[in-house]
Amino acid sequence: MKYNEIFEKIAAELKDYDQIGQVATYIPALAKANPNKFGMYLVTREGHSYFHGDTDETFSIQSISKVLSLVYAFKLVGTDLWKRVGVEPSGSPFNSLVQLEYEQGIPRNPLINAGAIVICDILMSELKNPYQDFIKFLRSLAGNPNIDYCKTTAESEKECGFKNSAHINLMKSYGNIENDAEEVLDFYFHLCSIEMSCKDLAQTFMFLASGGKNPVNNKRIITAQETKRINSIMLLCGFYDEAGEFAFRVGLPGKSGVGGGIVAIYPDQYSIAVWSPGLNTKGNSSKGIKALELFTTITQSNVFGPSPIFDELEYE
Ligand SMILES: NC(=O)CC[C@H](N)C(=O)O
């Protein structure tokens with residue numbers, strides 16, 4: 001079966017999916033999303049693309065940005081990063097405060113809100129123009145100069161960001177935030193507000209499937225060793241208290257956001273992005289996970305099984 005046929009088969013099977021979930025409403029700007037949107041975009045290591053559905057439409061990437069800010073901070077400060085944030089799965093919701101006090105203001109990992117806020121603090125300390133520098137980095141990864149922050153979404157989240165305020169203030173009390181709390185939070189909300197399409201996301205994450213090099217221009221973003229570290233954090237922490245379930249069902253390192261996007265990579269082979277705004281109770285795209293589960297099952301591609309021999313399978 002060819003990739004396009006696989007996508008059609010998945011879309012047909014999930015057309016009347018009855019567990020589509022609810023769009024995020026705790027951020028008012030996201031409550032307007034159309035739950036019926038659905039797109040899947042695949043980029044292979046050879047640079048071929050295959051897609052289905054709403055793959056050019058942009059949406060709020062939300063927590064998917066946490067991987068990209070982590071990569072950027074890792075490039076800037078190296079292993080010193082791990083003094084300020086851990087690498088263990090949290091087993092708790094993305095916005096849970098419980099562990100943070102027990103662990104004295106050191107977040108479990110960089111992909112929960114507390115961890116991503118610390119990463120924002122690091123970027124603000126290291127960069128003169130964090131907003132401009134970060135978006136430039138993203139545009140170059142995606143090969144799309146139009147990628148941008150959405151001021152409306154950032155403002156909307158700021159107006160009701162009480163829990164994130166609690167996170168940053170608790171961490172500041174433990175000495176794990178260097179900059180002004182309000183300014184760091186503003187940067188954090190802006191990173192969450194970035195809008196990208198499935199196409200942008202699949203393209204952007206391809207370097208994590210390519211040992212740290214952007215396969216389009218062969219430019220090295222991070223080393224192969226650093227790539228291993230980022231991918232392992234995605235696998236263990238990318239879906240919060242559903243990381244085990246995602247590994248169990250899909251079997252790839254990946255990251256979700258409450259805008260309904262998910263991106264996952266299969267090292268040395270492909271990067272794939274899905275978008276369906278309905279979320280399950282853990283805040284991850286319900287139909288998105290199902291679609292990826294079907295995709296990795298049909299193509300037998302997951303990081304735990306024997307490597308499929310892609311050339312023989314002739315998907316393209
Ligand atoms: N899981 C997510 O995508 C959460 C991001 C959201 N901006 C928040 O801080 O709550």
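**Figure 1. Contacts and overall form of the protein chain in the predicted model.** Of the contacts between residues at least 6 apart in sequence, 67% join residues at least 24 apart. The chain has 13 helices and nine strands. Its radius of gyration is 18 Å, close to the 20 Å that the globule rule gives for 316 residues, so the chain is as compact as a globular protein of that length. Along the principal axes, the C-alpha atoms fill a box of roughly 55 × 40 × 35 Å. Buried residues account for 52% of the 316 residues.

**Figure 2. The shell around the ligand.** The ligand is surrounded by Q62, S63, F94, N95, N113, E157, N164, C192, G257, V258 and G283. By class, this shell comprises three nonpolar residues, seven polar residues and one charged residue. Domain 1 (3–62 + 195–313) and domain 2 (64–193) each supply at least three residues to the shell.

**Figure 3. Helix α4, residues 113–126.** The helix has 14 residues and spans 20 Å from its first C-alpha to its last, close to the 20 Å expected at 1.5 Å a residue. N113, in this helix, is buried and is also one of the residues around the ligand.

**Figure 4. Burial of α4 and the elements that cover it.** Twelve of the 14 residues of α4 are buried, so the helix is largely enclosed by the rest of the structure. The buried residues are N113, A114, G115, A116, I117, V118, I119, C120, D121, I122, L123 and M124. Their cover includes the helices α2 (65–77), α3 (98–102), α5 (130–142), α7 (162–173) and α8 (181–193).

Note on methods
Residues are numbered from 1 along each chain as its sequence is written. This is a predicted model: local features need pLDDT of at least 70, side-chain atom pairs count only at pLDDT 80 or more; totals for chains, interfaces and linings use all residues. A residue is near a molecule or strand if its C-beta atom, placed from the backbone, lies within 6 Å of it. Ala, Val, Leu, Ile, Met, Phe, Trp, Tyr, Cys and Pro count as nonpolar, Asp, Glu, Lys and Arg as charged, and the others, Gly among them, as polar. Domain bounds come from an automatic or database domain assignment. Helices (H or I, at least four residues) and strands (E, at least two) are DSSP runs, numbered from the N terminus. The expected span of a helix is 1.5 Å times one less than its number of residues. A residue is buried if 20 or more other C-beta atoms lie within 10 Å of its own, exposed if 12 or fewer, and partly exposed in between; C-beta atoms are placed from the backbone. Two residues are in contact if their C-beta atoms, placed from the backbone, lie within 7 Å. The radius of gyration is taken over C-alpha atoms; the globule rule is 2.2 Å times the number of residues to the power 0.38.
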